[in-house]
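This report walks through one protein model. Keep the viewer open while reading.

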Amino acid sequence: MASPNKDVMGRCCLFECTRPPILISDGRTDVRAYSVQKSEQKEFKVNWDEHGTAMFHIDCWNALRRSASAETAASISIVLTEMEKDMIKEAARTAETHYSSKSVEQEGERIANLLKSSNYCIAFTGAGISTAAGIGDFRGIHGKWTTQDKVKHYGQRGVSNKSGYRLADLRPTYTHEALLKLMDLGYIKYLISQNTDGLHILSGIPESKISELHGNAFMEKCEKCGKRYEKNLQNRNQSSSVNVPPKKCERCGINHRTGGICPDERCGGYLMNTIINFGDYLEADVLGNATNNAKRADLVLALGSTLQVSPANSLVEMGQKPTRLIICNR
């Protein structure tokens with residue numbers, strides 16, 4: 001029996017597509033609508049799986065999307081049932097396009113030339129760069145907010161089939177390592193991240209070269225003296241018999257205290273996490289460092305972010321004018 005070709009992603013899910021299977025080097029679009037039983041898919045033009053996901057050639061997906069939103073019969077290239085039109089419109093909200101290897105190489109060369117010509121380039125990262133590490137994003141095809149919206153509108157049909165992860169098992173991805181290399185070579189001067197997974201610092205980015213706007217899951221700080229510590233057993237005063245009382249945050253309603261005591265015996269304050277939740281203010285010094293570097297930037301490399309969260313998204317346009325902004329996501 002012949003071994004399966006690892007370069008083959010699978011067949012296009014548009015039934016009428018007669019082209020060869022999609023290769024890993026080809027362009028493709030991955031989509032997720034909501035689950036529909038096979039018995040309900042009579043006269044459907046797409047081979048949706050049990051979770052409502054499908055893969056297409058980019059032009060096949062574009063034809064489906066145009067047909068689903070067409071207002072006149074003359075502009076319809078694929079006749080769809082009303083249910084399938086609804087599925088395609090829902091899937092279009094978070095469709096993820098993977099461009100062909102050739103297109104990526106061409107764009108990569110253009111971006112490399114921009115990096116080489118820049119005097120002060122900064123990088124701005126979002127959850128999309130950590131999905132390869134097993135961490136879910138927020139607005140991607142299986143993102144947290146994506147799934148919440150689908151469940152709200154479609155009930156159990158909108159549930160995602162993706163599982164969770166253990167924070168302690170996370171490791172930096174190729175993207176994290178590449179950013180470190182670009183910084184080591186001097187092409188990137190500073191990094192601003194919305195991520196709380198701590199993978200940038202774990203990859204080797206110096207703390208002096210990064211602003212983690214929304215905190216770091218591996219870092220704690222003393223609410224009394226403000227000192228920061230890596231979150232591990234060595235930083236806990238195990239001999240202390242103090243029972244740390246919870247303290248509900250007035251802004252986000254969450255208890256930030258972690259149960260630890262400041263290792264500085266002269267302080268003895270309670271340790272708290274550094275995560276910024278909805279309603280919390282960004283830490284002034286972290287935001288200040290990010291703002292100062294953003295204003296100096298003559299080029300911004302934004303990776304894995306929809307740039308929808310404020311005030312973080314305002315940073316990418318604070319630099320020298322005219323703004324030079326590279327956005328790389330799906």
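Two strands count as paired if DSSP finds at least two bridges between them. By that rule S13 and S14 are partners: they pair in the parallel sense over four bridges. One of the residue pairs between these strands is Ala 302 with Ile 327 in S14. The model is predicted.

**Overall make-up**

The protein chain has seven helices and 14 strands. Of its 330 residues, 42% are buried. Contacts often span long stretches of sequence: among those between residues at least 6 apart, 65% join residues at least 24 apart.

**The five-stranded sheet**

S13 and S14 belong to an open sheet of five strands, ordered S8-S7-S6-S13-S14 with parallel pairing. Strand S8 (210–212) and strand S14 (325–328) are the edges; each has a single partner strand, so one side of each is left without a neighbour in the sheet. From one strand to the next, the twist averages 15 degrees.

Strands of a sheet pair through backbone hydrogen bonds, either parallel or antiparallel. The table lists three of the pairings here, with one bridge partner pair for each.

| Strand pair | Sense | Bridges | A residue pair |
|---|---|---|---|
| S6 and S7 | parallel | five bridges | Ala 123 and Leu 191 |
| S6 and S13 | parallel | five bridges | Thr 125 and Leu 303 |
| S13 and S14 | parallel | four bridges | Ala 302 and Ile 327 |

Strand S6 spans residues 121–125 and strand S7 residues 188–193. Thr 125 has partners in two strands. It stands opposite Ser 193 in S7, and its bridge partner in S13 is Leu 303. Further along the S6–S13 pairing, Ile 122 stands opposite Val 300.

Two helices pack on this sheet. Helix H3 (residues 101–117) touches S6, strand S13 (299–303) and S14, and its direction makes about 140 degrees with that of S13. Helix H7 (residues 284–296) touches S6, S7 and S8; its direction makes about 140 degrees with that of S7.

How well covered are strands S6 and S13? In S6, five of its five residues are buried. S13 likewise has five of its five residues buried. In a regular strand the side chains alternate between the two faces of the sheet. In S6, Cys 121, Ala 123 and Thr 125 point one way, Ile 122 and Phe 124 the other, and all are buried. In S13, Leu 299, Leu 301 and Leu 303 lie on one side and Val 300 and Ala 302 on the other; both faces are covered.

**Nonpolar cores**

In soluble globular proteins, nonpolar side chains tend to be buried together. In this model the largest nonpolar core has 25 residues. Leu 14, Trp 48, Phe 56 and Leu 64 have the most contacts inside it. Strand S4 (53–56), helix H1 (58–69) and helix H2 (82–92) each supply at least two of its residues. H1 gives the most, with five residues.

Phe 56 shows the contacts around one member. Leaving aside neighbours within four places in sequence, its contacts include Cys 12, Leu 14, Ile 22, Val 31, Val 46, Trp 61 and Leu 64. Polar residues also touch Phe 56, among them Arg 28 and Thr 29. A second, separate core has 18 residues, including Tyr 120, Phe 124, Ala 294 and Ala 312.

**Two loop residues**

His 214 comes with an annotation: an unreviewed UniProt entry lists His 214 under "active site". This residue is found in the loop between S8 and strand S9 (219–222). Is His 214 buried or exposed? The relative accessible area of His 214 is 14%; the cut-off for buried is under 20%, so His 214 counts as buried. Beyond four places in sequence, His 214 touches residues including Ser 193, Thr 196, Thr 274, Leu 282 and Val 309. Its side chain also reaches the backbone oxygen of Gln 194 at 3.1 Å.

Asp 26 sits in another loop, between strand S2 (22–23) and strand S3 (28–32). At 26% relative accessibility, Asp 26 counts as partly exposed. Its side chain reaches the backbone nitrogen of Leu 23 at 2.8 Å. Contacts of Asp 26 beyond four places in sequence are Pro 21, His 98, Tyr 99 and Ser 100. Asp 26 and Val 8 are 18 residues apart in sequence, and their C-alpha atoms are 9.4 Å apart.

Note on methods: Residues are numbered from 1 along each chain as its sequence is written. This is a predicted model: local features need pLDDT of at least 70, side-chain atom pairs count only at pLDDT 80 or more; totals for chains, interfaces and linings use all residues. Side-chain values use heavy atoms; hydrogens and water are left out. Axes are lines fitted to C-alpha atoms, for helices over the stretch in contact, and angles run from 0 to 180 degrees between N-to-C directions. Contact means heavy atoms within 4.5 Å. Buried means under 20% relative accessible area, exposed over 50%, partly exposed in between (1.4 Å probe, protein chains only). UniProt positions are given in the numbering used here, feature names are shortened, and annotations may be inferred rather than shown by experiment. A polar contact is a pair of N or O atoms within 3.5 Å; within protein, one must be able to donate a hydrogen and the other to accept it, and residues adjacent in sequence count only if both atoms are side-chain atoms. A nonpolar core is a set of buried Ala, Val, Leu, Ile, Met, Phe, Trp, Tyr and Cys residues joined through side-chain atoms within 4.5 Å.
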